[in-house]
Amino acid sequence: MSYAGDIRHGKTIATTHTDQYGKFRLKYRQPYVLSRRLKPLYFVIAEKGPAMLASAIGNGRKLPKHIAVNERTTVATATSFAQFIHGRNIAGNTYGLLNAVRMAANMANPLTGNLASVLANEPNGTYTATLKTFNSLANVVASCVADAGNCLALFDATSPEGEPPVQTVLQALANATKYPSYPNYPHDVDDPLFLLSLASPIYQPALLERPTNWLLFLKFTGGQYSEQDSSNLMNGPGNVAIDKKGSAWILDNYEPEASDETACTGLRLLKFLPWGETYPGSPYFGGGLSGAGFGITLDPRGHIWVGNFGFEAEGCADGTVPPDPRKKIPATHNSVSLFHPSGIPLSPFRGFTQGKISWPQGTVSDKKGNIWIANCGNDSVTIIPRGNPALARNIPLPGGGTEPDSDSPLLKPFAIAIDPYGRAWVTGNKGQEIYIVSFDGTVETVDSSDVSLSWPMGISGDSQGNMWVSSSDTVNIVCIDGLSSQGAENPSIVFYPANGATPRQFQKTGGLTIPWGNAIDGDDTLWVFNFGRAPMEDANENQVWPETGISRFCGAGRCPHGLQLGDPISPDTGYTSDALERVTGGAIDPSGNIWLLNNWRKDGPLYYSVNPGGNSFVIIPGAAKPVKTPLIGPPRSFGETHPDNH
């Protein structure tokens with residue numbers, strides 16, 4: 001039997017039966033209560049006993065005349081809507097649901113049931129293991145269709161302890177996305193999903209060994225290519241900001257070049273639709289853009305601010321290699337750029353330079369529209385009150401300055417997070433401290449004496465005002481001086497309670513390798529993005545680069561049964577994928593998708609002085625609890641979702 005309905009409201013608007021060939025015809029009339037103004041979503045569900053197939057066929061005025069429902073459309077639908085599937089209902093926030101339809105269509109074509117172009121072709125296709133993982137999940141569904149007993153095994157395997165038992169295939173696959181690593185990795189015998197995928201291996205190519213996780217890592221370069229070249233869209237994407245509707249703004253370190261060609265400072269700002277497609281008119285230029293690093297934010301007006309760090313290869317300095325340090329480097333390192341949501345630059349040709357901006361990294365807006373900038377080059381923070389550069393002022397951090405006989409800063413402020421009081425928490429990468437900067441210019445150095453804070457990088461606050469810091473134990477940020485890494489033996493995360501209690505540290509767990517950026521989802525769960533693995537220096541061309549993973553930890557909110565604050569949810573490997581390179585920044589959108597930036601290639605350290613940048617980003621559909629965007633201040637969730645709550 002098949003039926004179509006807007007499951008967000010639980011309305012079944014047509015039912016029918018398939019013929020002996022699996023074909024069906026649905027005649028429906030849109031109910032009055034489902035006006036087109038509400039943008040209802042339509043799904044087709046096919047059921048026989050406990051088996052279920054599904055397809056998200058879209059929204060709007062006109063639905064397709066021909067649709068397909070099979071194992072592939074089922075996996076695409078369940079994964080993209082994972083955070084919205086509740087038993088037999090699909091419910092959630094409007095933008096998250098609407099965007100999930102297009103994300104599902106990246107994987108399976110709802111008109112034909114075939115692989116969609118994004119998943120089937122480069123840079124995905126046979127170039128990463130994502131297609132194999134997707135096909136293995138489709139084979140899990142096929143095993144359920146072939147044998148009802150396999151459905152029951154699937155339901156049992158995907159029913160988390162402490163939660164209601166799974167009763168539908170959609171819920172089972174959604175849970176496989178929300179809880180993607182079965183215990184006791186890497187023993188195949190302990191992963192029933194992998195065993196089920198072998199029972200009816202219809203779809204190929206598929207996995208021959210169980211993965212570290214069942215997430216789907218979709219890779220995007222801006223086209224159907226992987227190889228780096230001067231015609232690429234991006235080179236060295238460093239961080240991302242998500243707007244209200246789920247579109248992503250991504251900054252870029254370098255101008256695109258082949259991997260062995262000198263890459264000079266990046267001059268473009270990129271925008272992508274919520275499902276990864278390049279936004280019409282993107283990339284955008286002007287406004288003083290100059291090798292942006294980690295700093296990008298949306299303010300309350302929806303305008304985009306970018307910190308111009310001035311990344312460039314050594315050979316770009318003055319035409320000599322190595323460059324003459326006495327000569328001015330062409331790239332500027334002293335400004336921020338401002339863009340209208342349309343992509344039009346609002347800052348002048350050289351950007352806004354007021355407030356003694358120097359090699360800016362973290363660039364963050366608070367709820368009042370004040371812009372906070374971490375100045376790696378002069379150990380200070382610049383505040384642009386209400387986004388007015390004429391009022392910009394500079395706040396030095398205690399102990400700042402430069403090393404004797406060197407221009408190297410002593411503190412290297414890097415990342416910023418805004419707490420519920422509107423204060424900026426700043427990581428001092430080289431100073432190995434955390435600072436709280438208030439709008440009035442007051443600076444407090446947070447007591448970290450009870451933890452071993454080592455070369456800290458990213459920082460994120462949760463909805464309660466707690467702060468999480470990525471303690472890399474290796475990354476001495478390139479800032480005026482060159483690449484210089486440390487030991488990388490004790491990567492960790494550090495938790496700073498909102499009530500000022502003693503911070504806590506969690507080491508060598510959850511797959512941490514080189515923790516860089518991080519993000520908090522709508523459950524206050526922590527996601528940590530790893531900059532690949534060591535070595536950073538002293539590598540050679542024969543170096544074997546293991547797969548990169550991201551890490552996930554229980555935060556101060558809802559945790560899986562039996563886990564508590566700081567416990568890893570990801571396995572000791574992390575959630576690994578060969579689609580990931582060296583990841584710096586990332587963000588979570590209203591669909592629960594995780595956006596990850598492949599800032600460097602895995603072998604980037606070998607090409608540091610020429611062109612280390614990566615040329616792609618990755619989206620993981622449905623992995624995290626959705627977050628209201630843009631992220632301004634502490635993260636906001638959409639609350640618990642119900643069939644009548646959207």
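How many of the residues of strand 9 are buried? Select residues 248-252 to find out: 5 of the 5 are buried, so this strand counts as mostly covered. Keep in mind as you click around that this is a predicted model.

**Stop 1: strand 9 and its sheet**

Stay on strand 9 and show its side chains. In a regular strand, side chains alternate between the two faces of the sheet. Here Ala248, Ile250 and Asp252 sit on one side, with Trp249 and Leu251 on the other, and both faces are covered.

Now add residues 237-242, which make up strand 8. Strand 8 runs antiparallel to strand 9, and 4 bridges join the two. To see one of these pairings, pick Ala241 and look across to Trp249, its bridge partner in strand 9. The hairpin of these two strands has 5 residues between them, and among those is Gly246, with a positive phi near 100°.

Next, select residues 268-272 for strand 10. Strand 10 pairs with strand 9 over 3 bridges, again in the antiparallel sense. Ile250 is a handy landmark here, as its bridge partner in strand 10 is Leu270.

Zoom out a little and you have an open sheet of 4 strands in the order 8-9-10-11, with antiparallel pairing. Strand 8 and strand 11 (284-285) are the edge strands, each pairing on one side only.

**Stop 2: a sheet of three strands**

Move along to residues 296-298, 304-308 and 335-339. These are strands 12, 13 and 14, which form an open sheet in the order 12-13-14 with antiparallel pairing. Strand 12 and strand 14 each have a single partner strand, so each has one side left without a neighbour in the sheet. From one strand to the next, the twist averages 20°.

For a closer look, stay with strands 12 and 13, which are joined by 3 bridges. Pick Ile296 and you'll find its bridge partner, Val306, in strand 13.

**Stop 3: helix 2**

Jump back to residues 94-104. This is helix 2, and 8 of its 11 residues are buried. Colour them if you like: Gly96, Leu97, Leu98, Asn99, Ala100, Val101, Met103 and Ala104.

What covers them? Among the elements to show are strand 3 (41-48), strand 4 (51-59), helix 1 (71-80) and strand 6 (89-90). From further along the chain, strand 7 (218-220) and strand 35 (613-620) also belong to the cover.

Before leaving, click on Asn93. Asn93 caps the N-terminal end of helix 2, with a side-chain oxygen 2.6 Å from the backbone nitrogen of Gly96.

**Stop 4: helices 4 and 5**

Select residues 130-146 and 148-157. Helix 4 and helix 5 pack at an angle of about 130°, and their axes are 5 Å apart. The two are therefore oblique to each other. On the helix 4 side, show Val140, Ser143, Cys144 and Ala146; helix 5 brings Ala148, Asn150, Cys151 and Leu154. The residues of this contact split into 6 nonpolar, 2 polar and no charged.

**Stop 5: two cis prolines**

Look next at Pro123, in the loop between helix 3 (117-120) and helix 4. The peptide bond leading from Glu122 to Pro123 is cis, with omega near 10°.

Then go to Pro205, in the loop between helix 7 (192-197) and strand 7. The bond from Gln204 to Pro205 is cis as well, with omega near 0°.

**Stop 6: a buried lysine**

Pick Lys412, in the loop between strand 18 (393-396) and strand 19 (413-418). Is Lys412 buried or exposed? Its relative accessible area is 0%, which makes it buried.

Show its surroundings. The side chains of Lys412 and Asn476 are joined by a polar contact of 2.8 Å. Beyond its sequence neighbours, Lys412 also has contacts that include Cys376, Asp379, Thr427, Lys430 and Asp481.

**Stop 7: two positive phi angles**

Finish with two residues that have a positive phi without being glycine, beginning with Arg386 at about 55°. Arg386 sits in the loop between strand 17 (380-384) and strand 18, and is exposed, with 58% relative accessible area.

The other is Asp524, with a phi of about 60°. Find it in the loop between strand 29 (515-520) and strand 30 (526-530). Asp524, at 5% relative accessibility, counts as buried.

Methods. Residues are numbered from 1 along each chain as its sequence is written. This is a predicted model: local features need pLDDT of at least 70, side-chain atom pairs count only at pLDDT 80 or more; totals for chains, interfaces and linings use all residues. Side-chain values use heavy atoms; hydrogens and water are left out. Two strands pair if DSSP finds at least two bridges between them. Axes are lines fitted to C-alpha atoms, for helices over the stretch in contact, and angles run from 0 to 180 degrees between N-to-C directions. Buried means under 20% relative accessible area, exposed over 50%, partly exposed in between (1.4 Å probe, protein chains only). Contact means heavy atoms within 4.5 Å. A polar contact is a pair of N or O atoms within 3.5 Å; within protein, one must be able to donate a hydrogen and the other to accept it, and residues adjacent in sequence count only if both atoms are side-chain atoms. Angles under 35 degrees count as roughly parallel, over 145 as roughly antiparallel, 65 to 115 as roughly perpendicular and the rest as oblique. Ala, Val, Leu, Ile, Met, Phe, Trp, Tyr, Cys and Pro count as nonpolar, Asp, Glu, Lys and Arg as charged, and the others, Gly among them, as polar. Lists of a residue's contacts leave out its neighbours within four places in sequence.
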